[in-house]
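Student: Could you take me through one part of this model up close? I'd like to see how a pair of packed helices meets, and how far I can trust what's around it.

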Amino acid sequence: MTNSYSDAILYSSINSHKADILVIDDTPENLHLLANMLTERSYKVRSVTKGMTGLRGAQAAPPDLILLDVNMPQMNGYEVCQHLKADDRTCEIPVIFISALGDVLDKVKAFQVGGVDYITKPFQVEEVFARIETHLTLRRLQKQLQTQNEQLQQEIRERQQAEEKFKKIFLASPNPITITTLSENRFVEVNPGFLQMSGYTRADIIGRTPNELELGIAQDVYDKAIQQLQNVSLVHNQEFEFRTKTGDCKTVLLSIELIDFGDVPCALNIINDITERKRLENEFISLVSHELRTPMNSLIGALDLLSTGQLGSLTDKGKQILEIATTNTERLIRLVNDILDLERMKSGKITMRKTNCNIGQLMIQATEVMQSMAESAKIQLDVQPYSTDVWADPDRILQTLTNLLSNAIKFSEPGQTVWMTAKRTMLLLNSSENLSSVEQPDCLLIEVTDRGRGIPADKLQSIFERFQQVDASDSRKKGGTGLGLAICRNIIEQHGGQIWVESTLGQGSTFYVSLPLQSSLPT
Ligand code: ADP
């Protein structure tokens, strides 16, 4: 006997007082004997002397089990059993035949008409109970199985419906969608939207990897996104470059979710092609910026002329307003210049003019540029220059360092210190994303550290995107444009390096810039 079976017997005997048993026997003495025996063991007993009455009773209120005499006048036990089995309401009730002393019990017939067992007189009390309990338990297990089976069927139906819906959405979605294996990043399914965007046929794609197809998707960035999925359920709208079959370059936003596809762990990649939107956006931005630059420069000239007093002297209030106008106009010019700068860098119109330059000197130069801003903000600059040559565009590296120092000063409190250090290192830790370390042989690591307000964890990456600020009021209050870090990232990436930040809210931030040393030198 298996454990679950013996558990079921135990369970059924604990609950046996609840079992409802119908006894059908035309001999009153037998009926009494059985009814008393069963009632003593806490069964609920109904007893009738006629086959027909028993049948009606069973149909009206189906019992858990029936004890049925074989020999009865009018309708004998076999006939009663046949009727019970022919009726949906009673067909599942276990029937045990009783045969009196001297009766001839046709055992084969008893089973043929649907009986589950038989007992013969004289009754062995314990044997009777054992048989009753066994069949009650079997019945209960059968019911459990039926319920579980129905639940399973229901789950299967719901799953099929969900799969059907998923399939429809997958096929009809205007968004390109792919399913790739997690282990090897191979395509297992793609939708028509993806075929249309990529220009490939299904046969070209299934079983291949994006690398094999040269789709231009940065493998390391994609791998990082997949690693992130271990902690978060969805990676949302990550920007990637995408190359079509004809070699066209597109910009896409990728959202990734983990799914099981035929029991294989896979990534569901939903793509949003933003190439056209980006192009229009960039065109618009550069057009507006160009149009704004000329009038703003003449505005600043006019304001400058006013401030010299050559056009008459101003009242104190007038001077104050002029100063506000000048500050705001300068900020607008900065914004327009930054936009144009970034746009030109991204479109490759600005190339880095790399030479062999000393990083220590650039660090000192950056500190000198920022000294007056630091003094007005009552911030101390502590710079430890590290003298080594890098193959880089000195103006652009200076721009990056001054921007990082300017941010560190802006977001620190008066009286605090901002540090800039550098070192040569063999190992670059990408700890801002909690990812495994990336080996970079021989690189220069510059660190700009402050003890200012810090950056929330969910903004550590987005602040390197254009117009992304921790607080929407930062540009107004701190005079920034939200473009500085996007420009820095672009510059550093064009040098084959990386830029990232580690920060604790309320305690300060460290911005890291890594620049390759050996590989950056010209061959
Ligand atoms: P901005 O011109 O606004 O400074 P950046 O791109 O340089 O633009 O920076 C983007 C945003 O990142 C800032 O507006 C600020 O919210 C946040 N940030 C940058 N540096 C720091 C820092 N050292 N401490 C705290 N927040 C910072």
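Tutor: Let's start with the shaky bit: over residues 428-437 the pLDDT stays under 50, and the model has 23 contacts beyond four places in sequence for that stretch. Residues 519-523 also stay under 50, with four such contacts. Where pLDDT is low, the predicted coordinates shouldn't be read in detail, so go easy on both. This is a predicted model, after all, though the chain's mean pLDDT is 87 and 91% of its residues reach 70 or more.

For context, the chain is split into domain 1 (3-145), domain 2 (173-273), domain 3 (277-346) and domain 4 (351-520). The C-alpha centres of domain 1 and domain 3 sit 99 Å apart.

Now for your helices. Two packed helices are described by the angle between their axes and the distance between those axes. Here the pair is H11, residues 316-346, and H15, residues 484-494; their axes come within 10 Å and cross at roughly 30°. Since angles under 35 degrees count as roughly parallel, that makes H11 roughly parallel to H15. The crossing of H11 and H15 is left-handed.

Who's touching whom? From H11, it's Asp 338, Asp 341, Leu 342, Met 345 and Lys 346. H15 answers with Ala 486, Ile 487, Asn 490, Ile 491 and Gln 494. Sorted by class, the H11 contact with H15 comes out as five nonpolar, two polar and three charged residues.

Methods:
Residues are numbered from 1 along each chain as its sequence is written. This is a predicted model: local features need pLDDT of at least 70, side-chain atom pairs count only at pLDDT 80 or more; totals for chains, interfaces and linings use all residues. Side-chain values use heavy atoms; hydrogens and water are left out. Axes are lines fitted to C-alpha atoms, for helices over the stretch in contact, and angles run from 0 to 180 degrees between N-to-C directions. Helices (H or I, at least four residues) and strands (E, at least two) are DSSP runs, numbered from the N terminus. Angles under 35 degrees count as roughly parallel, over 145 as roughly antiparallel, 65 to 115 as roughly perpendicular and the rest as oblique. A crossing is left-handed if the near helix is turned anticlockwise from the far one by less than a right angle, and right-handed if clockwise. Contact means heavy atoms within 4.5 Å. Ala, Val, Leu, Ile, Met, Phe, Trp, Tyr, Cys and Pro count as nonpolar, Asp, Glu, Lys and Arg as charged, and the others, Gly among them, as polar. Domain bounds come from an automatic or database domain assignment. pLDDT is the predictor's confidence in each residue, from 0 to 100.
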